[in-house]
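Here is a short, friendly tour of one protein model. Have the viewer open as you read, and follow along from the sheet to the ligand and the loops.

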Amino acid sequence: MNDLALNLLLEKIISDRENPEEAECNLWILDENLAPSDITQGTAKSKIPLTLICNRLDLQQQLKTNKVTSTFSDFDFSGFEDNSVDRIFYRVSKEKTVVHHIINQAFRVLKPGGTLAIAGYKNEGAKTYIDKASKLFNGAISKSKGGQSSHFAIISKGSASHGKILDDKDYAHTRSINTRSNDQDFSFISKPGQFGWNKTDKGSELLIQLLPEVIRKRHTPAETMLDLGCGYGYLSLMAASLEGLEMLNLQQITATDNNAAAILSCEENLKTTGKNYNVIADNCAHGIRGRFDLVLCNPPFHQGFSVDNDLTRMFLEQAHKRLHAKGDAVFVVNQFIPLERKAQDLFGKITLLAENDGFKVIHCKR
Ligand SMILES: C[S@@+](CC[C@H](N)C(=O)[O-])C[C@H]1O[C@@H](n2cnc3c(N)ncnc32)[C@H](O)[C@@H]1O
């Protein structure tokens, strides 16, 4: 789908000119909503120097080839001093706390007179975000509307703002979450800015219910595990806490994700397991070597707004590559995803373990 909100922002990035009298600092904030092709188009045609701040490693890696500075972080602005940035470009994110964090940080780092160009659809809250940011910034504002209720504004930072900083739920920091999972109390560490950051996923719960069944069928104890697309580390935490299974003796957990907030949280969680662990920011384990006895995966089925079926295939291929000859890969996906068919030419044995609540759990062996 053509992202009209993004188009409004791109027009601005492309039409802005550099001020020849001063060295400029301009930031473009990128998240999972954005496709690399759009970003490449923007950076290639832009006439101003741009620094990209991106929370998705695969995206940031693809952008390295451009003549722009691209950084990977959980929207960390700590490297920018107060009142030091000229322009910020931002297409609003899906999560309110992320948007509030970015507006607050933009307010801090922009020079007086510096501008925030912000775009999004009405149903994403764009209009409200623009209103909130303009109150906080207390400077000039120019607003425009595009098709399909897309909104765009350029908001200048006034020199004397008494506006209220937006509630970002202490975005930058991890915190403890207490909940229930599979009818038991469950505590973990997490933070906003990632998939289901403050809850447990029903599909992943189902996978964990069925994991003992997979382990019992093994002939040697599983010692190494790969958590592929780990999020805050739910599957790792649960696997590490499984007790009384003869064929499970986890010595090493490797967890990987492409999202910066997930990496920060998972690292904190795996510290608590007492196991050797590695938490690696990577694009679908492409940089991970070695093979594992167990691969657990609840793969994403969309990147940003578009459902991308190739993602399932990429996760299957990587799981296959990283699995020991006698290893077990266990996936959970939405029932409508044809994972079995996509796995057919990769794995020798594919078993549907259960279907429930719109999810299915599938066990694959080489
Ligand atoms: C459905 S969530 C599962 C999270 C966690 N494993 C759980 O069970 O709750 C999918 C995860 O895959 C991650 N992901 C998406 N694309 C990825 C990629 N290209 N490489 C690595 N991880 C990715 C997302 O950030 C997200 O954390």
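## Strand pairing and the first sheet

Two strands pair if DSSP finds at least two bridges between them. With that in mind, please note that this is a predicted model, and let us look at strand 2 (residues 51-54) and strand 3. These two run parallel to each other and are joined by four bridges. Within this pair, Leu52 sits opposite Ser70 of strand 3. As general background, strands of a sheet pair through backbone hydrogen bonds, in either the parallel or the antiparallel sense.

The pair belongs to a wider arrangement: an open sheet of seven strands in the order 3-2-1-4-5-7-6, with mixed pairing. Strand 3 (69-72) and strand 6 (141-145) are at the edges, and each has a single partner strand, so one side of each is left without a neighbour in the sheet. From one strand to the next, the twist averages 15°.

## Around the ligand

Which residues are closest to the ligand? They are Ser204, Gly229, Asp257, Asn283 and Cys284, out of 17 residues that surround the ligand. Sorted by class, this shell holds seven nonpolar, eight polar and two charged residues.

Several polar atoms of the protein can be picked out beside the ligand. Asp257 places a polar side-chain atom 2.7 Å from a ligand oxygen atom. For Asn283, an N or O atom of the side chain lies 2.9 Å from a nitrogen atom of the ligand. Asn258 takes part through its backbone, where a polar atom is 3.3 Å from a nitrogen atom of the ligand. On its own the ligand has 590 Å² of accessible area, and the protein covers 94% of that.

## Asp76 in its loop

Back at the sheet, the loop between strand 3 and strand 4 (85-91) contains Asp76. Is this residue buried, partly exposed or exposed? Asp76 has a relative accessible area of 42%, which makes it partly exposed, since that class lies between the 20% and 50% cut-offs.

The side chain of Asp76 also makes a polar contact, at 2.7 Å, with the side chain of Ser78. If you would like a longer span to trace in the viewer, try Asp76 and Gly163: they are 87 residues apart along the chain, and their C-alpha atoms are separated by 22 Å.

## A hairpin and two positive phi values

Further along the chain, strand 8 (residues 175-181) and strand 9 (residues 184-190) pair in the antiparallel sense, with seven bridges between them. One of the matched positions is Thr179, whose bridge partner in strand 9 is Phe186. The two strands form a hairpin with two residues between them, and there Asn182 takes a positive phi near 45°. Asn182 has this positive value although it is not a glycine. At a relative accessible area of 24%, Asn182 is partly exposed.

Ser149 is another residue to inspect for its backbone. Its phi is near 55°, again positive in a residue other than glycine. Where does Ser149 lie? You will find Ser149 in the loop between strand 6 and strand 7 (150-156). Its relative accessibility is 43%, and Ser149 therefore counts as partly exposed.

Terms used:
Residues are numbered from 1 along each chain as its sequence is written. This is a predicted model: local features need pLDDT of at least 70, side-chain atom pairs count only at pLDDT 80 or more; totals for chains, interfaces and linings use all residues. Side-chain values use heavy atoms; hydrogens and water are left out. Axes are lines fitted to C-alpha atoms, for helices over the stretch in contact, and angles run from 0 to 180 degrees between N-to-C directions. A residue is near a molecule or strand if one of its heavy atoms lies within 4 Å of it. A polar contact is a pair of N or O atoms within 3.5 Å; within protein, one must be able to donate a hydrogen and the other to accept it, and residues adjacent in sequence count only if both atoms are side-chain atoms. Accessible areas come from the Shrake-Rupley method with a 1.4 Å probe; for residues, only the protein chains shown count as cover. Ala, Val, Leu, Ile, Met, Phe, Trp, Tyr, Cys and Pro count as nonpolar, Asp, Glu, Lys and Arg as charged, and the others, Gly among them, as polar. Buried means under 20% relative accessible area, exposed over 50%, partly exposed in between (1.4 Å probe, protein chains only).
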